[in-house]
Each structure stands twice: as C-alpha cells, then as structure tokens.
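Work through the following exercises with the structure open beside the text. Each task is followed by a solution in steps.

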Amino acid sequence: MTYLVVGASSGLGRALAERFASAGNELILVSRDKRDTEALSAHLAILHGVKVSPVTIDLANSPLSYAEIDAALQVHQPLKGVLLPAGANDNDDVVGLNDDKLTYLTRVNYLAPCELLNRYLPLLKDNDGVVIGFGSVATARGRTQNAAYAAAKSALQAYFESLAHSSAQSGLCCQFYILGYLNTNLAFAQDLPFPMAAPDRIANVVYKQRFTNGRRFLPRPWYMVYRIVQLLPWFIYKRLSF
Ligand SMILES: NC(=O)c1ccc[n+]([C@@H]2O[C@H](COP(=O)([O-])OP(=O)(O)OC[C@H]3O[C@@H](n4cnc5c(N)ncnc54)[C@H](OP(=O)(O)O)[C@@H]3O)[C@@H](O)[C@H]2O)c1
C-alpha cells in the first residue's frame, strides 16, 4: 500500500516517512525542498527496499499542482493513506501581521491540507483508507503569539471533525492529533516552559493507531494543559504572557 506524506522533509513528517517505510509501505513524499526530499526518498528506498517517490510542491501556491502526485500514483500500489504533517509558523504572527504572511500561514496550515484531502478523498474512500491530520495545543485559546497559525489550525481541526462525521458510516479512518511541543525545526530556538517530545516517538504512536478514528492529544499530558488553559477565567488569562 502507498501513503502520501505532505511535509515529509523534516520533523514529524520525516519521522512518519521513516516509520511507515520501515513497515514496508510505499511512499510519496511532498515538500518544497527538492534536494532534501529526493535524498530522503533515496535513503528510505535503499534502507527498507520500498518504492519512494519525491514530489516538490509549495503549499503556498494556489491553485496547487497535483500533476506530480498523480503521476507518482500511477506507478505505485493503491493509495491507502494521506498524512498531513506540513505546517509553518512565523515570529511576526500577531494580530495585525501583513496580508502576505496571513495568507501564507492560512494556506500552509489550513487551506492546502484541506485541498489535498479533498482531492484524494474519493480514492481513499474506495480503498478504505486513512486520513491523518495534525493540529496544535496552540488552538486551546487565542493569544498574542501565533494568532494566524492557531486560527488556521483551529479551522483544520474543525474540518477534520466534519470529515469524521461525514465518513463515520464509511470504511475511511480519520484521525486528528493535537500536538504539544516537538523537538523539531518548528520549535527551534523558542523559549519553551515544557519538555519537547521526540518526533520518532510520536510517529510510532501514529503508525500503531493508523486504522483507528478520533481526536487525540500527543503527548497525552497535553490534554490537561489544554483544558486548564481553556478553563482559566479571562481576568487571569489576559495577564498571561505566552
Ligand atoms: N514542533 C512543534 O512544537 C509543534 C507543536 C504543535 C504542533 N505542531 C505541528 O506538527 C506538525 C509537524 O511539525 P514539525 O515540528 O515537524 O515541523 P517542521 O519540522 O518545520 O516540518 C514542517 C514540514 O512542512 C513542510 N512545509 C512547510 N511549509 C511548506 C510549504 N509552503 N510547502 C510545502 N511543504 C511545506 C516542510 O517542508 P519544506 O520546508 O522543506 O517545504 C516540512 O517538511 C505541523 O503541522 C505543526 O504545525 C508542531
């Protein structure tokens, strides 16, 4: 079976590609970085003896070009899953950020993942496939930092719930992971009050649970943090600086 991993060149996407390839699955790996994705594809193909195709797409572009993915699908086993770990943030992401940055963050974190999901949904339904999305604990509540990122991830989370609802009676599996801090580029150099999780650990859990449905927090203790932040009264919350 073949899995499409969007945002596979680094961090969690790379760890997912390694985990799924190590279990003998074929892969189509998508990112903007041609050199990284080609090198990773060649590495996984040699190491695990599976077919891996690199595809270069910038999720910021609209409309997306599906030609390379469609061509790859022609030479792979049937598509079983779409994994959407792609994501981007920006240090200037506060309310009032410029239009270009607002559009970029919305496209990469929300619109483009939904467009890809929509595109391959009929195929996945035919194959009793799997769709896996990734959100963030930053969606617990709006705050000064990561304003557009959190809004886009909240929208993605809502879209996945609609997908889960609409496909509940079908053979499609739909999972959405709300992630705490990971030890990856995205969290690099940030001054974080919490320990960061290893992406390969997260990838292992996602792999094991790939044929289940639901919304989950990873690492699991983040559920408590998320709920506490949501329950804080406004007069306390507004004083927090994070
Ligand atoms: N790291 C954290 O602490 C954290 C916390 C909560 C949630 N998350 C979420 O977890 C997921 C994985 O994050 P991560 O930490 O693994 O991130 P990462 O290491 O920065 O990797 C992000 C991936 O997305 C791809 N990507 C970014 N912009 C793209 C674009 N315009 N077009 C195509 N691909 C693009 C990157 O590839 P190229 O740059 O090569 O294109 C890369 O493969 C993301 O959805 C993130 O929002 C992360």
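## Exercise 1: A loop residue with positive phi

N146 sits in the loop that runs between β5 and α5. The model is a predicted one.

Task: Determine the sign of phi at N146, and decide whether N146 is buried or exposed.

Solution.
- Step 1. Phi of N146 is positive, about 60°, although N146 is not a glycine.
- Step 2. The relative accessibility of N146 is 14%. Buried means under 20%, so N146 counts as buried.
- Step 3. For a second case, take D128, in the loop between α4 and β5. D128 is not a glycine either, and its phi is positive, near 50°.
- Step 4. The relative accessible area of D128 is 43%, so D128 is partly exposed.

## Exercise 2: Cis peptide bonds

Task: Find the omega of the peptide bond from S62 to P63 and of the one from L218 to P219, and place each proline in the fold.

Solution.
- Step 1. Between S62 and P63 the peptide bond is cis, and its omega is near 0°.
- Step 2. P63 belongs to the loop between β3 (52-56) and α3 (67-74).
- Step 3. Between L218 and P219 the peptide bond is also cis, with omega near -20°.
- Step 4. P219 is in the loop between β7 (214-218) and α7 (222-231).

## Exercise 3: A buried arginine

Task: Which backbone oxygen lies 3.2 Å from a polar side-chain atom of R107, and is R107 buried or exposed?

Solution.
- Step 1. R107 is part of helix α4.
- Step 2. Its relative accessible area is 6%, so R107 is buried.
- Step 3. The backbone oxygen is that of A60.
- Step 4. Beyond four places in sequence, the contacts of R107 include L59, A60, N61, S62 and L64. A112, P113 and E115 are also in contact with R107.
- Step 5. S62, one of these contacts, is the residue that precedes the cis bond to P63.

## Exercise 4: F176 and Q157

Task: Place F176 and Q157 in their secondary structure elements, then use their contact lists to link them.

Solution.
- Step 1. F176 is in strand β6 (residues 173-179), while Q157 is in helix α5.
- Step 2. F176 has 4% relative accessibility and is therefore buried. Q157, at 13%, is therefore buried as well.
- Step 3. Not counting residues up to four places away, F176 touches G133, F134 and G135, along with K153, L156, Q157 and F160. G214, R215 and R216 are also touched by F176.
- Step 4. Apart from neighbours within four places, Q157 is in contact with T139, F176, I178, R215 and Y226. The contact between F176 and Q157 thus joins β6 to α5.
- Step 5. R215 appears in both contact lists.
- Step 6. The C-alpha atom of F176 is 5.8 Å from that of I132, and the two residues are 44 apart along the chain.

## Exercise 5: The ligand shell

Task: How many residues surround the ligand, and which serines bring polar side-chain atoms to its oxygen atoms?

Solution.
- Step 1. The ligand is surrounded by 30 residues, and the closest are L12, R32, Y149, K153 and T184. K153 is also among the residues that F176 touches.
- Step 2. A polar atom in the side chain of S9 is 2.8 Å from a ligand oxygen. For S10, the distance from a side-chain N or O atom to a ligand oxygen is 3.1 Å. For S31, a polar side-chain atom is 3.5 Å from a ligand oxygen.
- Step 3. Alone, the ligand would expose 880 Å², and the protein buries 93% of this area.
- Step 4. Two or more shell residues come from each of α1 (11-22), α4 (99-126), β5 (130-136) and α5 (147-166).
- Step 5. By type, the shell has 15 nonpolar, eleven polar and four charged residues.

## Exercise 6: The whole chain

Task: What radius of gyration would a compact globule with 242 residues have, and what does the protein have?

Solution.
- Step 1. The globule would have a radius near 18 Å; the protein has 18 Å, so the two agree.
- Step 2. The protein has eight helices and seven strands, and 47% of its 242 residues are buried.
- Step 3. Of contacts between residues at least 6 apart in sequence, 72% join residues at least 24 apart.

Technical notes
Residues are numbered from 1 along each chain as its sequence is written. This is a predicted model: local features need pLDDT of at least 70, side-chain atom pairs count only at pLDDT 80 or more; totals for chains, interfaces and linings use all residues. Side-chain values use heavy atoms; hydrogens and water are left out. A residue is near a molecule or strand if one of its heavy atoms lies within 4 Å of it. A polar contact is a pair of N or O atoms within 3.5 Å; within protein, one must be able to donate a hydrogen and the other to accept it, and residues adjacent in sequence count only if both atoms are side-chain atoms. Accessible areas come from the Shrake-Rupley method with a 1.4 Å probe; for residues, only the protein chains shown count as cover. Helices (H or I, at least four residues) and strands (E, at least two) are DSSP runs, numbered from the N terminus. Ala, Val, Leu, Ile, Met, Phe, Trp, Tyr, Cys and Pro count as nonpolar, Asp, Glu, Lys and Arg as charged, and the others, Gly among them, as polar. The radius of gyration is taken over C-alpha atoms; the globule rule is 2.2 Å times the number of residues to the power 0.38. Buried means under 20% relative accessible area, exposed over 50%, partly exposed in between (1.4 Å probe, protein chains only). Contact means heavy atoms within 4.5 Å.
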